[in-house]
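Please look through the sequence and the structure below. A short report follows, with one topic under each heading.

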Amino acid sequence: MSCCIHCCIRLIPDYKEAHTQRVGCRGGPAHHHQVCPTCQGENKLLFRVDGKQMNLLAVLEVRTEGNESWGGLLRLRKGKRWSLVVGLIIMSLVMASYILSGAHQELLIPSPFRYGGFPSTPGWMDGETPGDAKEHAHQPAVANVSSMRDYQSVRFIINSIAARIEFTTRQLPDLEDLRKQEEHMFSVIPSKFLPNSKSPCWYEEFSGRNTTDPYLTNSYVLYSKRFRSTFDALRKAFWGHLSHADGKHFRLRCLPHFYIIGQPKCGTTDLYDRLRLHPEVKFSAIKEPHWWTRKRFGIVRLRDGLRDRYPVEDYLDLFDLAAHQIHQGLQASAAKEQNKMNEIIVGEASASTMWDNNAWSFFYDNSTAGEPPFLTQDFIHAFQPNAKLIVMLRDPVERLYSDYLYFASSNKSADDFHEKVTEALKLFEDCMLDYSLRACVYNNTLNNAMPVRLQVGLYAVYLLDWLTVFSKDQFLILRLEDHASNVKYTMHKVFRFLNLGPLSEKQEALLTKSPASNVRRPEDRSLGPMWPVTQRILRDFYGPFNTRLAQVLADEAFAWKTP
């Protein structure tokens, strides 16, 4: 009598299977192996492993068919029993690997990190409040395992970056080198300004006729319809504010006395809106001209390529309304009126000024190991060594999420943000493996590839580079957290820094009671906060940079150690 035992081991899901068939006949020919192509023979012993996520345990199902019994199985020769035991051991090892790796789609999965982000959904982490858990309740429970795995993998990337962080002092360019790069700018802006004006102003000859449109070729008008109404107002006021001498016409030109240089999504719009309520402050006709960082290079949107460069005259046109008032004060016969107008200061609030140097690689020689030979502050300092600079900062972790919600066009979610953060970190690490910190921070190709603007939150890098040309007392560094909790205190701090006069009670009330500007949109608020694991990843990444910033400013509040 012959007997056949078929052993089929199968892991569920169906993509991993092992089939063997052993045939042995008592008193018959020698043992041999053959492949079981169908697993549908009789007298087979079937093992199924189903890795269910609810308990991470395998379900072992044993099924016998035909007339064979366990007794028959036990009567197998010793060699066959050992073969079956070995098979069971191998199966158990595979099961253990399957369970311990936390895999859901494959066995013995390698490192969970994928170039270009994490495929899994971030989950809950230690320290999450019950409210947070309720908010994320729609996420599958499997995210708990994958998010922990994500964090450990990203931690290796962050450690790799941190090991390569080195805050080096940049080499400053010579003034002559700056002149060679921007010859036209140096021909237009004088080296000295009017002594009786607080803002850097000067008179230049206007050669146009009365019928000439002074803003006909202004690039801000040509390339943006939304600025045309602004320039219509400038045209109406232009001809009444010319100075006349020796049959010639002269117009007053001014540069800003102070700049709000950054950072985006840190409350600069709210600061701008409140500061312009002060009667002694006059801003550019456009809130954010972005001339120093973008327009002078012909950049409107970098992804759209380069256009004609905006000449410095187009930028100076934006301060004509302020220049008209300063001109009135300079020409006034009454001492009271003259003093009033001479107290006016000009400001500009492009939030890109502090950090955006993306255009340098298109225009400057790349001979400095990937680091830009010239930065925005080099040119501002060349003309305005006494300029005052205001910076509003915010916890870079929260800044990045706010930036993402504001600029992302579709499919916004905490999941999507997490994936973009991890992809950006990998890209940044790849750069740091070959280049210096400064070279990576100012790398145009990297910055354009970043799915989120991770580099904007590296405040210490930018501030240290600005401090190579401007002194520390020319800066006022503010925190959005402080501004939000006490607007009046922050604004008075700004007034003292700019040497502005006191406000009336009515002006003071308007200044402090106005609602906050540029707050998060309702549809963005409905998305809720970022995942706790994403927050933890970002805190680890920004930690060394925040620590350095706190050291430079001698203020631990800028370390943002407590959210």
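## The disulfides

C254 counts as buried, at 0% relative accessibility. This is a predicted model, and the values here are computed from it. C254 is bonded to C201 in a disulfide, with an S to S distance of 2.0 Å. C201 is buried too, with a relative accessible area of 0%. The torsion about the S-S bond of C201 and C254 is about 110°, so this disulfide is right-handed. The pair links distant parts of the chain. C201 sits in strand β5 (residues 201–206) and C254 in strand β7 (residues 248–254), 53 residues apart.

How many disulfides does a search of the whole structure find? The search finds 2. A disulfide also joins C431 to C440, with S to S at 2.2 Å. Here the torsion about the S-S bond is about -100°, so the disulfide of C431 and C440 is left-handed. Both of these cysteines are buried. Number the bonded cysteines of the protein in sequence order, and the pairing reads 1-2, 3-4. Another cysteine, C266, is buried as well, at a relative accessible area of 0%.

## The parallel sheet

Now turn to the strands. An open sheet is built from 5 strands, in the order β9-β10-β8-β11-β12. The pairing is parallel. Which strands lie at the edges? They are β9 (281–283) and β12 (475–479), and each pairs on one side only. From one strand to the next, the twist averages 25°.

Start at the β9 edge. Strand β9 is joined by 3 bridges to β10 (residues 345–348), and the two run parallel. V281 has I345 of β10 as its bridge partner. Next comes the contact of β10 with β8, a parallel pairing over 2 bridges. Here F258 has G347 of β10 as its bridge partner. Then β8 meets β11, with 4 bridges between them, again running parallel. Y259 stands opposite L389 in β11.

## Around strand β8

Is β8 enclosed or open to the outside? Of its 5 residues, 5 are buried, so β8 is largely enclosed by the rest of the structure.

A helix lies across this part of the sheet. Helix α9 (residues 268–275) crosses β8 (258–262), β9, β11 (388–393) and β12. Helix α9 runs at about 160° to β8.

## Salt bridges between distant parts

Side chains of opposite charge can pair when their charged atoms come close. Across the whole structure, a search finds 26 salt bridges. One of them joins the side chains of E182 and R309, at 3.0 Å from N to O. E182 lies in the loop between α5 (175–181) and α6 (183–188), while R309 lies in the loop between β9 and α10 (312–317), so the pair ties together parts that are 127 residues apart in sequence. The two ends differ in their surroundings. E182 is buried, with a relative accessible area of 9%. R309 is partly exposed, at 35%.

D395 forms a salt bridge with R539. Their closest N and O atoms are 3.0 Å apart. This pair also links distant parts of the chain. D395 is in the loop between β11 and α15 (396–407), and R539 is in helix α24 (residues 532–553). In sequence they are 144 residues apart. D395 counts as buried, at 4% relative accessibility. R539 is partly exposed, with a relative accessible area of 21%.

## A pair within one helix, and a network

What separates K426 and E429 along the chain? Both lie in helix α16 (residues 414–432), 3 residues apart, which is about one turn of the helix. They form a salt bridge, and their closest N and O atoms are 3.3 Å apart. K426 is buried, and so is E429.

Salt bridges can also share partners. E204, R251, R253, D317 and D320 are joined in this way into one network.

Terms used:
Residues numbered from 1 in each chain as written. Predicted model: local features only at pLDDT ≥ 70, side-chain atom pairs only at ≥ 80, totals over all residues. Heavy atoms only, no water. Pairing = 2+ DSSP bridges. Axes fitted to C-alpha atoms, helices over the stretch in contact; angles between N-to-C directions. Contact = heavy atoms within 4.5 Å. Salt bridge = Lys/Arg side-chain N within 4 Å of Asp/Glu carboxyl O. Buried < 20%, exposed > 50% of the residue type's maximum accessible area, 1.4 Å probe, protein only. Disulfide = S-S within 2.5 Å.
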